[in-house]
Amino acid sequence: MVKVLVTGGAGFIGSNFVRYALAQHQDWHVTTLDKLTYAGRRENLHDVMDSPRHTFVHGDIADAAVAGPLVEQSHIVVHFAAESHVDRSIAAAGDFITTDVVGTYVLLEAARRAKDLRRFVQISTDEVYGSVPTGASRETDELKPRNPYSAAKAGADRLAYSYWATYDVPVIITRASNNYGPYQFPEKVIPLFVTNAIDDLPVPLYGDGGNIRDWLHVDDHCRGVDMLIEAGTNGEVYNIGGGNEVRNVDLTHRILTLLDKPLSLIQPVADRQGHDRRYALDTTKLRNMGWAPQVPFDDGLAATVAWYRDQPWWWRPIKEQDPRFREYYQTRYQGRA
Ligand code: NAD
Ligand code: TYD
């Protein structure tokens with residue numbers, strides 16, 4: 001059995017990856033290590049939690065006593081665990097430094113000791129390039145992160161690289177664009193807007209709505225990571241982008257149209273501080289290796305909207321019962337509307 005450790009596997013992308021990996025690789029045993037923060041949920045793994053090829057460990061990546069032995073026993077580490085929401089990092093950056101930077105350091109130290117480790121995938125983000133007014137970011141471009149989340153991720157990205165350059169840890173680094181799909185926590189724009197609109201609640205559009213994100217279906221992200229585990233070169237960085245550049249206002253219109261809801265639900269609110277205007281990725285490197293996104297944005301968005309419409313069991317308890325989410329959501333727009 002190939003022993004695969006997935007950190008953050010109870011989160012949005014991690015849980016999709018665990019599901020994908022177990023289905024794709026019959027010879028993999030996947031261990032999920034997750035702290036179950038507000039964003040991590042056992043329900044995200046409901047259909048694979050009890051698989052004989054899956055083990056769930058509730059723990060913190062920054063806790064060397066827990067994370068260290070798991071890394072040391074692994075052949076492959078796919079490191080998704082992070083604090084991941086820009087707005088939260090603007091409100092309070094501490095957890096981002098502790099998890100995204102220090103947590104990554106703890107895993108990398110253990111990776112130095114691991115005897116059979118073949119691959120350590122550092123899941124970075126396109127946000128490390130900062131706001132890109134024109135053109136598309138290439139892997140060799142300068143990193144110019146502009147908010148505490150992306151700065152912490154850039155620190156982890158380069159720290160992982162340094163462990164390859166210095167200690168020959170078999171690191172590869174992926175920088176994906178904005179993901180969308182099922183099981184995304186409803187603080188991120190697509191699930192927030194979809195679930196609000198289902199309930200005829202306003203959808204809070206920041207600033208002039210002209211900010212652009214490049215949307216990538218989570219399944220295409222999983223396929224890219226999986227291919228790179230096999231075919232990547234240690235020490236290299238790989239962009240994974242969907243090639244779907246969409247202005248937030250247009251995204252909002254599409255969501256409301258798919259749900260047959262009026263555009264009057266759009267509530268313009270004050271802009272995010274330091275709001276990155278645009279992200280865009282050049283994915284030539286990955287495409288030359290044979291990867292291409294397979295999910296057209298129209299289809300993927302329609303399927304995602306339908307998933308949230310049809311799976312209220314998943315998101316209603318988060319929005320209505322989880323006090324951690326409720327407090328955050330209720331205080332969020334005070335003085336901003
Ligand atoms: P998420 O917030 O949905 O999930 C994060 C998971 O990490 C949660 O399950 C959480 O419980 C867990 N976690 C947090 N702190 C932890 C800790 N100290 N120890 C163990 N587990 C911990 O995030 P996501 O959107 O699935 O993002 C996953 C990764 O992908 C992150 O590294 C993020 O930076 C990166 N990424 C995300 C996107 C995107 O659009 N969502 C795009 C590019 C890259
Ligand atoms: P988000 O989903 O938070 O992802 P990121 O900041 O990592 O790109 O936000 C995506 C875009 O949507 C971003 O430009 C901010 C905008 N946005 C809103 O307009 N309203 C919202 O309530 C949220 C959460 C985001």
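1. How many residues surround ligand 2, and which are the closest? In this predicted model, the number of residues around ligand 2 is 20, and the closest of them are E127, P204, R213, R272 and H275. Two of these names, P204 and R272, come back in the next point, where individual atoms are considered.

2. The polar contacts of ligand 2 involve both backbone and side-chain atoms of the protein. At P204 the backbone takes part, since one of the N or O atoms there lies 2.7 Å from a nitrogen atom of the ligand. At R272 the side chain takes part instead, with an N or O atom 2.5 Å from an oxygen atom of ligand 2. The side chain of N248 likewise has an N or O atom 2.9 Å from an oxygen atom of ligand 2. Taken on its own, ligand 2 has 510 Å² of accessible area, and the protein covers 97% of this.

3. It is useful to ask where the shell around ligand 2 comes from. Helix α3 (86-91), helix α6 (189-198) and strand β8 (203-206) are the elements that give two or more residues to that shell. By residue class, the shell around ligand 2 is made up of 8 nonpolar, 5 polar and 7 charged residues.

4. Ligand 1 can be read in the same order. The residues that surround ligand 1 number 29, and the closest are I13, D34, S84, Y149 and K153. Backbone atoms deserve attention here: an N or O atom in the backbone of G11 lies 2.9 Å from an oxygen atom of ligand 1, and a backbone N or O atom of N179 is 2.8 Å from an oxygen atom of this ligand. A polar backbone atom of G40 is 3.5 Å from an oxygen atom of ligand 1. Of the 830 Å² of accessible area that ligand 1 has on its own, the protein covers 97%.

5. Which elements give two or more residues to the shell around ligand 1? They are helix α1 (12-24), strand β5 (119-125) and helix α5 (148-167), and β5 gives the most, with 3 residues. The shell around ligand 1 divides into 12 nonpolar, 12 polar and 5 charged residues.

6. Turning to the packing of helices, α2 (residues 64-72) and α4 (residues 94-113) have axes that are 8 Å apart and meet at an angle of about 40°. An angle of that size makes α2 oblique to α4, and the crossing of the two helices is right-handed.

7. A second pair of helices is α8 (residues 248-258) and α10 (residues 297-310), which pack with their axes 10 Å apart and at an angle of about 55°. Helices α8 and α10 are therefore oblique to each other, and their crossing is right-handed. A careful reader may also note that N248, whose side chain has an N or O atom 2.9 Å from an oxygen atom of ligand 2, carries a residue number that falls within the range given for α8 (residues 248-258).

How values were computed
Residues are numbered from 1 along each chain as its sequence is written. Chains are lettered from A and ligands numbered from 1 in the order in which they are written. This is a predicted model: local features need pLDDT of at least 70, side-chain atom pairs count only at pLDDT 80 or more; totals for chains, interfaces and linings use all residues. Side-chain values use heavy atoms; hydrogens and water are left out. A residue is near a molecule or strand if one of its heavy atoms lies within 4 Å of it. A polar contact is a pair of N or O atoms within 3.5 Å; within protein, one must be able to donate a hydrogen and the other to accept it, and residues adjacent in sequence count only if both atoms are side-chain atoms. Accessible areas come from the Shrake-Rupley method with a 1.4 Å probe; for residues, only the protein chains shown count as cover. Helices (H or I, at least four residues) and strands (E, at least two) are DSSP runs, numbered from the N terminus. Ala, Val, Leu, Ile, Met, Phe, Trp, Tyr, Cys and Pro count as nonpolar, Asp, Glu, Lys and Arg as charged, and the others, Gly among them, as polar. Axes are lines fitted to C-alpha atoms, for helices over the stretch in contact, and angles run from 0 to 180 degrees between N-to-C directions. Angles under 35 degrees count as roughly parallel, over 145 as roughly antiparallel, 65 to 115 as roughly perpendicular and the rest as oblique. A crossing is left-handed if the near helix is turned anticlockwise from the far one by less than a right angle, and right-handed if clockwise.
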